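User: Please take a close look at the surroundings of the ligand in this model. I would also like to see how the helices there pack against their neighbours.

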Amino acid sequence: MSELSFKNKVVVVTGAGGGLGRVYAIEYAKRGASVVVNDLGGSLSGSGSNARAADVVVDEIKNKFNGIAVANYDSVSDNGENIIKTAIDNFGSIDILINNAGILRDVSFAKMSPKEFGIVIDVHLNGAYKLTKAAWPYMKKQKFGRIINTASPAGLFGNFGQANYSAAKLGLVGFSETLAKEGYKYNIMVNSIAPLARSRMTENVLPPHILKQLGPEKIAPLVLYLTHDSTKVTNSIFELAAGFYGRIRWERSSGQIFNPNEKYFTPEAILNKWSQITDFQDKTFNKTQHPYQLSDYNDLTTKAKRL
Ligand code: NAD
């Protein structure tokens with residue numbers, strides 16, 4: 001099997017001073033990429049800053065792996081565009097963007113302050129937006145781009161105490177799905193990942209025997225695969241942890257078509273047909289696209305008229 005090389009590729013990894021981002025940055029550098037190691041170096045809740053976090057990883061890449069890397073200490077949400085500028089100024093392009101930086105402000109919704117909600121949305125969602133917005137014109141022009149947005153199982157399924165975080169994380173999925181559609185003709189592939197890994201985010205919430213299995217090095221292979229220039233996968237969500245890699249998709253129930261005659265559009269009609277509306281057994285119309293993109297949409301309307 002030939003090695004997936006990243007030689008001549010310029011990669012930006014946000015939040016790469018620790019946890020998952022550090023592993024990605026090192027893996028890309030080991031495979032020949034020039035890497036911008038961004039990290040604000042703040043606390044888990046997003047307060048403070050420290051240049052050391054990014055510097056340590058850059059030193060490790062240069063000294064231990066003889067790789068190419070430069071540090072950036074900007075906050076993704078305040079100066080995200082500067083991080084892309086660091087890539088352009090130092091390496092002349094931006095090919096691969098890993099939106100990974102993140103913080104937590106976990107608290108039950110009843111007690112969550114507007115600030116606790118806003119700052120988490122800001123770092124995860126607006127941070128990813130700022131970098132992507134700055135990178136997009138370069139990717140479009142060079143007809144190559146690979147973007148990974150870091151979602152979370154908490155975003156896909158919800159999690160107690162994380163209304164802010166799950167809103168931001170599922171927001172990133174919608175963001176990715178639209179960019180995947182807009183970027184495809186320019187060879188810009190955009191995917192979301194929902195990882196579970198050992199890091200300071202999880203070390204106090206999961207038991208040690210589980211944490212042992214969740215090495216962040218088990219997440220990196222899929223991220224590298226998805227961002228290689230030979231990979232055309234886009235518009236997808238992947239869930240991964242402890243060596244498991246799987247794809248997530250939306251699923252529509254078979255649903256119920258109502259007679260277009262207005263008199264049937266009543267709550268009582270819904271009540272009557274609730275089990276059919278929510279039935280996932282019949283796979284006939286179990287498509288994941290928007291209904292107006294279904295090739296059998298005409299078939300659906302014909303059926304409706306017959307009811
Ligand atoms: P981590 O705390 O080790 O890494 C996050 C990094 O982002 C930190 O080094 C931090 O300094 C940096 N950062 C925070 N705010 C920043 C900002 N404004 N600008 C630049 N850098 C900033 O945690 P991790 O587990 O490695 O998390 C990486 C990503 O994966 C996050 O987006 C997180 O939400 C996501 N995630 C992690 C898990 C998990 O199980 N660890 C699960 C789901 C999602």
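Analyst: Start with the chain as a whole. Among contacts in the protein chain between residues at least 6 apart in sequence, 69% join residues at least 24 apart. The model is predicted. The protein chain has 307 residues, and 40% of them count as buried. Its secondary structure comes to eleven helices and eight strands. Along the principal axes, the C-alpha atoms fill a box of roughly 70 × 45 × 35 Å.

Now the ligand. It is surrounded by 33 residues. The closest are Gly15, Gly19, Gly102, Ser152 and Ser199. Sorted by class, this shell holds 19 polar, twelve nonpolar and two charged residues.

Which elements supply the shell with at least two residues each? There are three helices, H1 (19-30), H3 (76-91) and H4 (114-142), and one strand, S6 (188-196). H1 gives the most, with three residues.

H1 is the place to look next. Its partner here is helix H8, residues 220-227. The two axes come within 10 Å and cross at roughly 55°. An angle of that kind is neither under 35 degrees nor in the range 65 to 115, so H1 and H8 are oblique to each other. H1 passes H8 in a right-handed crossing. On the H1 side, the contact is made by Val23, Tyr24, Glu27 and Tyr28. H8 brings Ala220, Val223 and Leu224. By class, the residues of this contact divide into six nonpolar, no polar and one charged.

H3 and H4 both supply the shell, and these two helices also pack against each other. Their axes come within 8 Å and cross at roughly 25°. Angles under 35 degrees count as roughly parallel, so that is the term for H3 and H4. The crossing of H3 past H4 is right-handed. From H3, the contact takes in Val76, Ser77, Gly80, Glu81, Ile83 and Ile84. From H4 come Asp122, Val123, Asn126, Gly127, Lys130, Leu131, Ala134 and Ala135. The classes here are seven nonpolar, four polar and three charged residues.

Put the parts side by side. The shell around the ligand has 19 polar residues and twelve nonpolar ones. The contact of H1 with H8 has six nonpolar residues and no polar ones. The contact of H3 with H4 has seven nonpolar and four polar residues. H1, H3 and H4 each supply at least two residues of the shell. H1 also meets H8 through residues including Val23 and Tyr24, while H3 meets H4 through residues including Gly80 and Gly127.

Definitions and conventions: Residues are numbered from 1 along each chain as its sequence is written. This is a predicted model: local features need pLDDT of at least 70, side-chain atom pairs count only at pLDDT 80 or more; totals for chains, interfaces and linings use all residues. A residue is near a molecule or strand if its C-beta atom, placed from the backbone, lies within 6 Å of it. Helices (H or I, at least four residues) and strands (E, at least two) are DSSP runs, numbered from the N terminus. Ala, Val, Leu, Ile, Met, Phe, Trp, Tyr, Cys and Pro count as nonpolar, Asp, Glu, Lys and Arg as charged, and the others, Gly among them, as polar. Axes are lines fitted to C-alpha atoms, for helices over the stretch in contact, and angles run from 0 to 180 degrees between N-to-C directions. Angles under 35 degrees count as roughly parallel, over 145 as roughly antiparallel, 65 to 115 as roughly perpendicular and the rest as oblique. A crossing is left-handed if the near helix is turned anticlockwise from the far one by less than a right angle, and right-handed if clockwise. Two residues are in contact if their C-beta atoms, placed from the backbone, lie within 7 Å. A residue is buried if 20 or more other C-beta atoms lie within 10 Å of its own, exposed if 12 or fewer, and partly exposed in between; C-beta atoms are placed from the backbone.
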